[in-house]
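Student: I've got a new structure to look at, and I'd like to know the reasoning behind the labels people put on it. Can we go through some of them together?

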Amino acid sequence: MKKTVNGKEKVVVIGGGIAGLSAGIYALLAGFEVEIYEKNAIPGGECIGWNRQGYHIDNCIHWLTGTRKDTEMYDVWKTVGALSDDTEYAKIDAFYTSTYEGQSVTLWNDLQRTEEELIRVAPEDTDEIRKFIRYVEYSKQCLFPAKKPMEMWGIKDYISMGKNMADFPKVLKEFGKISLEDYAKRFKSPLLQKMVCDYLPKSYTAYSFLVSYATMADGNGNIPMGASLQMSLRMEKRFKELGGKICYNKGAEKIVVEKKMATGVRFQDGTFAEADYVIPTVDTHLLFGKLLSGDYMPKKLKAAYDAPKNYPVTSGFQVAFAVSEDFSGGETVFIDMDTLHVGANDFDRMYVKSYGYDPIFRKDGKQVIQTCITQSDDDFAFWKSLSKEEYEKEKERLVKEIERRIVKAFPELEGDLLFLDAWTPLTYERYCNAYHGSYMSFITTPAGKQIRMKGQLKGIKNLYVAGQWTSSPGGLPVAAASGKFAVQRILKKQKRSIEISDQTSVTVAECNL
C-alpha cells in the first residue's frame, strides 16, 4: 500500500454529497488522509438549493430524521457538523394538511389533537382513527440505528433494540405487508383515504407512512433553519477544518482495480488519484454501470434493478413560485386539482408547500412556495424520450397548468404568483447521476424486500460502498450513517476500534510519531 508524505494512509471518496462528506469527516477523525472528489461545483449532492431572481429554492429537507438529541442519528449529525446543540429549527407544528371537496384535516405533531380532529371530521371512522393514532405512537420507537453497521452488532445490541422497540413489531405485523393504497380502503371517509395516500406514493408500504409521521410527532424530524445547502456547507466546513481536501468539478471516470485492489480513481479530465482505500458514495447504477464492472454488483441489488415493478423509484416534476408573505395556506397542503397529465400518467392531487417560516426564503415582502407532482420510472422514460425543444415546451405547459390549479385552490393568489423555476427527473439525472431521476433509492413496497448492502464488494479488498442506495428507501440519515459505517468497516479490517470521536485522530497521530 502507498503512503502519503506524512505517513498516513489515504482514503479517496467519490462524491461530495452527504454520504461523501460524512465518510470524509469520519475518515479524518480516524486518522486517515482524505480527498473528496465531486463532479459539481458545490457540495451536498441532492441536499442543495439554488437561487432564482434573488429567491432561494430548497431541493431537499422537508424534515430531517435525527434532530432529537438522545438519538444515535443526532450524534452523527453533530459529529459531521450538520447540527449542533444550538441549531434553531423551524416552528412547524404539523406534518401536513389534506383537503378534499371543501373539507380538510391536519396531521398535527400533537397526536391527541390529530385524533380529535379526524374523529370530528369522520366520526364513521372512529375505531380506525384510534387504531391509527395508537400505531403511530408505537412507531415512535423506530429510531434509525446509527452507532455501527448491523453486521457488527452483538447479542447485547439486539437485546437493547428489542427493549427499546418493544411495540414496533406490532406495526410491522399489521402494516408491513400492505400498501398505502390498500390501507386507505380501511377508512370510509374519502378525505381520510386521500390523506393516507397523499404524502408518499400509494405503492409504499403502510408502515413507512406511520414511521414518517411518528418521526415528526416525536420531535425527531425537525427542519433546521437555513435550508439544505447551508447544512451541506456546514459539513464541508467541518471537513476542511479537520484537514480534508475536496476537489470540485472533478467527475470520476473509472475506479482502477488491480489484483483485487482498488489502486485509485481515474477522472474525466485524465488525471488519477492513488488511494489506499476508496469509498464511492455515488448512485449504484452509476457505480456498477460505469465506474466498476457490473460483475461486482451484489445479486440482491441486481435483482431489484431487474424488477422495477417490485422496486420502483420516485422523482417529481417540481415548480417554485414567489407569492406574498401574507399567504398562509399552511406549510404543506395537499389539494384537489383538475386532472393533469404529467410524464406518462394522470394526476388529480398535488401539494403546495410554503417556505415563509425561514427568512432565507423571503424577499421584498414575498415568500417561496413549491409544489411537486410525483414521478416514477415510466414518467422518467417519457421525459427522457423528448427532444430538447419538446422538453422545454412541456415544462412551460405544465408550469401554466399548475399555476392555474394553484389559483383555483387559493383564489387570493390570483395575479400574485411569480414563477421562479421548474425541474424534472432529468434534472436529478443530469446533476446527480440519479437512476431514473430518483431523489431517494428503491421504494419499500409489499412486493419487494428491503435492500441492504454490507458495503464491501466481493473481489475488491479495499473498497467500501456508502450512500443512500446501500439501504432502501435511502434518504439523508441513510446517507450520513453509511459514510460513518464505511470508515468503521475499514477500521475493523485493520483490527482497530470502530469507536470514532474527535480524539481518535489525535491518538492515531501520536502512534505514528
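Tutor: Sure, and keep in mind that this is a predicted model. Let's start with Cys 247, which has a relative accessible area of 17%.

Student: Why is Cys 247 called buried?

Tutor: Buried means under 20% relative accessible area. Cys 247 comes in at 17%, so it counts as buried.

Student: And how do you know that Cys 247 is in no disulfide?

Tutor: A disulfide needs two cysteine sulfur atoms within 2.5 Å. For Cys 247, the nearest cysteine sulfur is that of Cys 432, and it is 19 Å away. So Cys 247 is in no disulfide.

Student: What about Cys 372, which is also in no disulfide?

Tutor: Its nearest cysteine sulfur belongs to Cys 60, 12 Å away. Set that against the 2.5 Å cut-off, and Cys 372 is in no disulfide. By this rule the count comes to zero disulfides.

Student: Is Cys 372 buried or exposed?

Tutor: Buried: its relative accessible area is 9%, and the cut-off is under 20%.

Student: On to helix 1, then. What makes helix 1 largely enclosed by the rest of the structure?

Tutor: Just look at the count: 12 of its 12 residues are buried, so helix 1 is largely enclosed. Among them are Ile 18, Leu 21, Tyr 26 and Leu 29.

Student: How do you know that the span of helix 1 agrees with what it should be?

Tutor: Helix 1 covers residues 18-29, and at 1.5 Å a residue its 12 residues should span 16 Å. The end C-alpha atoms are 17 Å apart, which agrees. After helix 1 comes Gly 31, with a positive phi near 100 degrees.

Student: Why are helix 4 and helix 6 called oblique to each other?

Tutor: The axes of helix 4 (residues 126-139) and helix 6 (residues 168-175) come within 8 Å and cross at roughly 130 degrees. Over 145 would be roughly antiparallel, and 65 to 115 roughly perpendicular. An angle of roughly 130 degrees fits neither, so the pair is oblique. Helix 4 passes helix 6 in a left-handed crossing.

Student: Last one: what makes strand 8 and strand 10 edge strands?

Tutor: They belong to an open, antiparallel sheet of three strands in the order 8-9-10. Strand 8 (252-258) and strand 10 (272-274) each pair on one side only. Six bridges join strand 8 to strand 9 (residues 261-267), and Val 256 has Gly 264 in strand 9 as its bridge partner.

Definitions and conventions: Residues numbered from 1 in each chain as written. Predicted model: local features only at pLDDT ≥ 70, side-chain atom pairs only at ≥ 80, totals over all residues. Heavy atoms only, no water. Pairing = 2+ DSSP bridges. Helix = DSSP H or I, 4+ residues; strand = E, 2+ residues; numbered from the N terminus. Expected span 1.5 Å × (residues − 1). Buried < 20%, exposed > 50% of the residue type's maximum accessible area, 1.4 Å probe, protein only. Axes fitted to C-alpha atoms, helices over the stretch in contact; angles between N-to-C directions. Left-handed = near helix turned anticlockwise from the far one by under 90°.
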